[in-house]
Amino acid sequence: MEPRRTTDTTGVLDEALQRLHSTGPEFHGWLTNHGPMAVEALVRGGHAADVHRWLDYYRSKLEDPPRPTEPITAGSWQEALGDPRRTADWTEYFVRETGERPWRDVLAQWWPRLLPGIAAGATHPVIRVGHAVRTLLADEADRADGADATGRAGGNGPEVAADSPRLAELAHGLGYWAARSLPTPGLAPLSGTAGPAEALDGVPPIAGQGSGYRDGIALLAGTPGWTAASASLRAPATPDEARDLLAELVRAATYRYAAYGHRSPVMLVHSATAPNAVLRTLPALPSELWVPSLGAAWAASAAVTALYSPTAPTPAAELPKPPAGSVAEASEELFARAARHGDEHTVKFADSAVDVAAATGSTDALVAAVRATELIEPAL
């Protein structure tokens, strides 16, 4: 089933992105600016009218962007990778690149360079990129729908204006990812036989749960069973199989949150939203990048599971029910509930859960998103 696509004809998304591009990607040390992701989800979910009110609340906690130091070049990028002091330099680099070349070409070149550091910023950079790519792909589809018989719907897709806030958002997301690039230690190549649900259930918790994200990532390599668990997912034989396994991983992580989200409700959502960001990006990538994309998405989801998943689930009898009605009706009600709740993680997770519901024709994923609205403190 085709994921829903709500086209913004109001200009609200562009206005919101312009407001957010005057802020930095982090605040209060290294907390991630979720604004671009949340506003894209709100618009996509049909809540453009709520965006500026939400942004007025959220904007007050954000900080000015960092200042650039030295331009990044084709010959110097490797030494700047993973250096958060170069965040502004990276952003400027990708603004130049996407202004001079088709955005799909830039993405295809940099995606394999960035994948090994997918743990960057608690997986928020890849999620931000996924939201940006989804918007650009939807824009291309809308232009193609309106093209005549000699239109430019094929190949690299219809062109987007170089000064588009949506194109700038992709540049900001890629720049943030490059600046915070963080390898996941102790990984082994996929070589198992397990499906995603079984593989996630087999991920061992780190001994230092509660030690924080960056410290927790560092503990993975020394966690008994982690390396074996990181290899337990079955390896795909083809790009299409990789895509299907990735979709299955998103479903499994979403479903799992309902029973396991109580220990760390905010952080565990990323076990689903990070691989979903990768899944959203696949259509813009050459198919030869789909298999390594699955491996990186699995590493991100498994790492978040190890850091934040409790050992005992919530009993099924204590879990909420999905909203009533058809899948479409229940999804609309669920997302409206998340929009009223207002927490950025709740909004993004509901957005992913609605994707799963649309793809499966089932409301099972919506239970997890309802659970998130119960566990996470409302913002509005």
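## A tour from Gly195 to a helix pair

Start by selecting Gly195: leaving aside residues up to four places away in sequence, this glycine touches Leu233, Arg234 and Glu248. Keep in mind as you look around that this is a predicted model.

Stay on Gly195 and colour by secondary structure. Gly195 sits in the loop between H8 and helix H9 (196-201). Is Gly195 buried or exposed? Its relative accessibility is 13%, and because buried means under 20%, Gly195 counts as buried. Now add Leu245 to the selection: 50 residues separate Gly195 and Leu245 in sequence, yet their C-alpha atoms are 7.8 Å apart in space.

Next, step back along the chain to helix H8, residues 165-180. Try a distance between its end C-alpha atoms: they are 22 Å apart, in agreement with the 22 Å that 16 residues should span at 1.5 Å a residue. Switch on a surface here, too; 15 of the 16 residues of H8 are buried, so this helix is largely enclosed by the rest of the structure. Then zoom in on Ser164, which caps the N-terminal end of H8 with a side-chain oxygen 3.1 Å from the backbone nitrogen of Arg166.

For the last stop, select H17 (residues 344-360) and H18 (residues 364-375), which pack at an angle of about 170° with their axes 8 Å apart. That angle makes H17 roughly antiparallel to H18. Show side chains at the contact: among them are Phe349, Ala353 and Val356 of H17, and Leu366, Ala369 and Thr373 of H18. The contact residues divide into 11 nonpolar, 2 polar and no charged.

Notes
Residues numbered from 1 in each chain as written. Predicted model: local features only at pLDDT ≥ 70, side-chain atom pairs only at ≥ 80, totals over all residues. Heavy atoms only, no water. Helix = DSSP H or I, 4+ residues; strand = E, 2+ residues; numbered from the N terminus. Expected span 1.5 Å × (residues − 1). Buried < 20%, exposed > 50% of the residue type's maximum accessible area, 1.4 Å probe, protein only. Polar contact = N/O pair within 3.5 Å; in protein donor to acceptor, adjacent residues only side chain to side chain. Contact = heavy atoms within 4.5 Å. Axes fitted to C-alpha atoms, helices over the stretch in contact; angles between N-to-C directions. Parallel < 35°, antiparallel > 145°, perpendicular 65-115°, else oblique. Nonpolar A, V, L, I, M, F, W, Y, C, P; charged D, E, K, R; others polar.
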